[in-house]
Amino acid sequence: MKTIIRKIENLQLNSDVIEKAGMILRDGGLVAFPTETVYGLGADALNEEAARKIYAAKGRPSDNPLIIHITNMDALKKIVSEIPEEAQIAAEKYWPGPLTMIFKKSSIVPYGTTGGLDTVAVRMPSHEIARAVIDAGGGYIAAPSANTSGRPSPTKAEHVEEDLTGRIDMIVDGGTVEIGLESTILDLSVTPPMILRPGAVTKEMLEELLGEVAVDAALSEDSKKPPKAPGMKYRHYAPRAKLSIVEGNESEVVKEINRIAAEKIQEGQRVGIIGTEETVGCYLQGVVKCIGTRQDEATVANRLYAVLREFDEEDVDCILSEAFSGDGIGNAVMNRLIKAAGHHMIKL
Ligand code: TXA
Ligand code: MG
């Protein structure tokens, strides 16, 4: 299959690009497009055959359900069987935006889209290109992250090209995304509502709005339970090299990373180091990358997946990363980093 790649600059929603994307989607094809979180791989969510193609293109396990993307509340009413009051409140505040909510599905949503579940995940993205593509494609677009299963989610079109060229019909290139980590997933079918995947809409933000909010216990570092979002059980977001996270106070972390790096280099390994603006100057050996500043962890969220992919290209054998705060968006950063590390943490 030849993949059409079309660029949209400065959000100039070139009508020919959007129309082409819409036509492919309405015909049951696959189109990757940018959202404010990560690039999504879209298909018509109400067409079971189209949704199935997503699983084949990504190499995704078929029990891992898809998120349906919409652009308005009328569309929500068609695909869910009830809208809990809390969902209404959360939608008013955080839609359009990086929040996905789980509802009971209505009968028009095929099981091929929900991985056989009676619930459906729904998100209303804010990205102008995403919204135009969803509308052009019929209004109900299933879209997982547009990466090969197991690789870091794509934060720019080049990442999608690396993984999916020749396997999908079209890529709409809208440049680098704004947030860089996948949306927060909130399950409202339980009391209190439960976060199944942390993201840019944080627990604190949701609690301010809804009162008590729980976090799926399976997300904690030492849990052996299966997570409630089926996709969270896979070793996702993984670079090819072995990643270790070093946690402690800043100067000790720098010292320990330098020590381990020297040791590995001595053994003949190629070592990658993930540092911050505050520390990169202190790393003396290895392939050192700056992931952002600790003053604003949104910068770290934005660069994380790109940095993991860059290390894949540079063929390092192991990666040593500093840890992050765990507050605000830092919580989502640590969730993804810990998974990428296969839970390998060194605590000082
Ligand atoms: O930011 C995002 O959410 C991006 C962009 C493209 O919108 N999409 C995304 O999709 O991250 P994906 O497929 O990579 O992740 C969807 C997650 C998976 O962990 C899946 O198991 C979970 O959502 N999920 C989907 N439907 C669910 C349901 N009915 N119940 C529980 N978890 C669900
Ligand atoms: Mg994904």
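The following dialogue goes through a predicted model and asks what stands behind some of the terms applied to the model.

Visitor: Which residues are closest to ligand 1, and how many surround ligand 1 in total?

Guide: The shell holds 29 residues, and the closest are Thr37, Asn64, His69, Ser183 and Gly231. A residue belongs to the shell because one of its heavy atoms lies within 4 Å of the ligand.

Visitor: What makes the pair formed by His69 and ligand 1 a polar contact?

Guide: A polar side-chain atom of His69 lies 2.6 Å from an oxygen atom of ligand 1. The cut-off is a pair of N or O atoms within 3.5 Å, so the pair counts.

Visitor: What about Arg197 and Gly231: which part of each residue faces an oxygen atom of ligand 1, side chain or backbone?

Guide: For Arg197 the partner is an N or O atom of the side chain, 2.9 Å from a ligand oxygen. For Gly231 the partner is a polar backbone atom, at 2.6 Å from an oxygen atom of ligand 1. Each distance falls within 3.5 Å, so each pair is a polar contact. As for cover, ligand 1 on its own has 690 Å² of accessible area, and the protein covers 98% of that area.

Visitor: Where does ligand 1 sit, in terms of pockets?

Guide: Ligand 1 takes up the space of the second largest pocket. The placement rests on the rule that more than half of the atoms of a molecule lie within 2 Å of the grid points.

Visitor: Which strands each supply at least two residues of the shell?

Guide: They are β4 (67-69), β6 (119-123) and β10 (194-197). The largest share comes from β6, with four residues.

Visitor: How do the residues of the shell divide into nonpolar, polar and charged?

Guide: There are 16 nonpolar, eight polar and five charged residues. Gly counts as polar in this scheme, and Gly231 is among the closest residues of the shell.

Visitor: Why is Phe103 called buried?

Guide: Phe103 has a relative accessible area of 1%. Buried means under 20%, so the term applies. Phe103 is part of strand β5 (residues 99-104). The C-alpha atoms of Phe103 and Asp187 are 7.4 Å apart in space, with the two positions 84 residues apart in sequence numbering.

Visitor: Why is Asp135 called partly exposed?

Guide: The relative accessibility of Asp135 is 46%. Exposed requires over 50% and buried under 20%, so Asp135 falls in between. Asp135 is placed in helix α6 (residues 128-136). From Asp135 to Gly281 the C-alpha distance is 47 Å, at a sequence separation of 146 residues.

Visitor: What makes Asp315 stand out in its backbone, and why is Asp315 called exposed?

Guide: Phi of Asp315 is near 60 degrees, a positive value in a residue other than glycine. Its relative accessibility is 58%, and over 50% is the condition, so Asp315 counts as exposed. Asp315 lies in the loop between α10 (297-313) and β15 (318-322).

Visitor: Why is His343 called partly exposed?

Guide: The value for His343 is 44%, which lies between the cut-offs of 20% and 50%, so the term is partly exposed. His343 is in the loop between α11 (329-340) and β16 (345-347). Phi of His343 is positive too, near 70 degrees.

Visitor: What is omega for the cis peptide bonds at Pro96 and Pro192?

Guide: For the cis bond from Trp95 to Pro96, omega is near -10 degrees. The cis bond joining Thr191 and Pro192 has omega of about -10 degrees. Pro96 is in the loop between α4 (85-94) and β5, and Pro192 is in the loop between β9 (184-187) and β10.

Terms used: Residues are numbered from 1 along each chain as its sequence is written. Chains are lettered from A and ligands numbered from 1 in the order in which they are written. This is a predicted model: local features need pLDDT of at least 70, side-chain atom pairs count only at pLDDT 80 or more; totals for chains, interfaces and linings use all residues. Side-chain values use heavy atoms; hydrogens and water are left out. A polar contact is a pair of N or O atoms within 3.5 Å; within protein, one must be able to donate a hydrogen and the other to accept it, and residues adjacent in sequence count only if both atoms are side-chain atoms. Accessible areas come from the Shrake-Rupley method with a 1.4 Å probe; for residues, only the protein chains shown count as cover. On a 1 Å grid over the protein atoms alone, a cavity is a set of points where a 1.4 Å probe fits but cannot get out, and a pocket is an open set with protein on both sides within 12 Å along at least five of seven lines; lining residues have an atom within 4 Å of a point. Buried means under 20% relative accessible area, exposed over 50%, partly exposed in between (1.4 Å probe, protein chains only).
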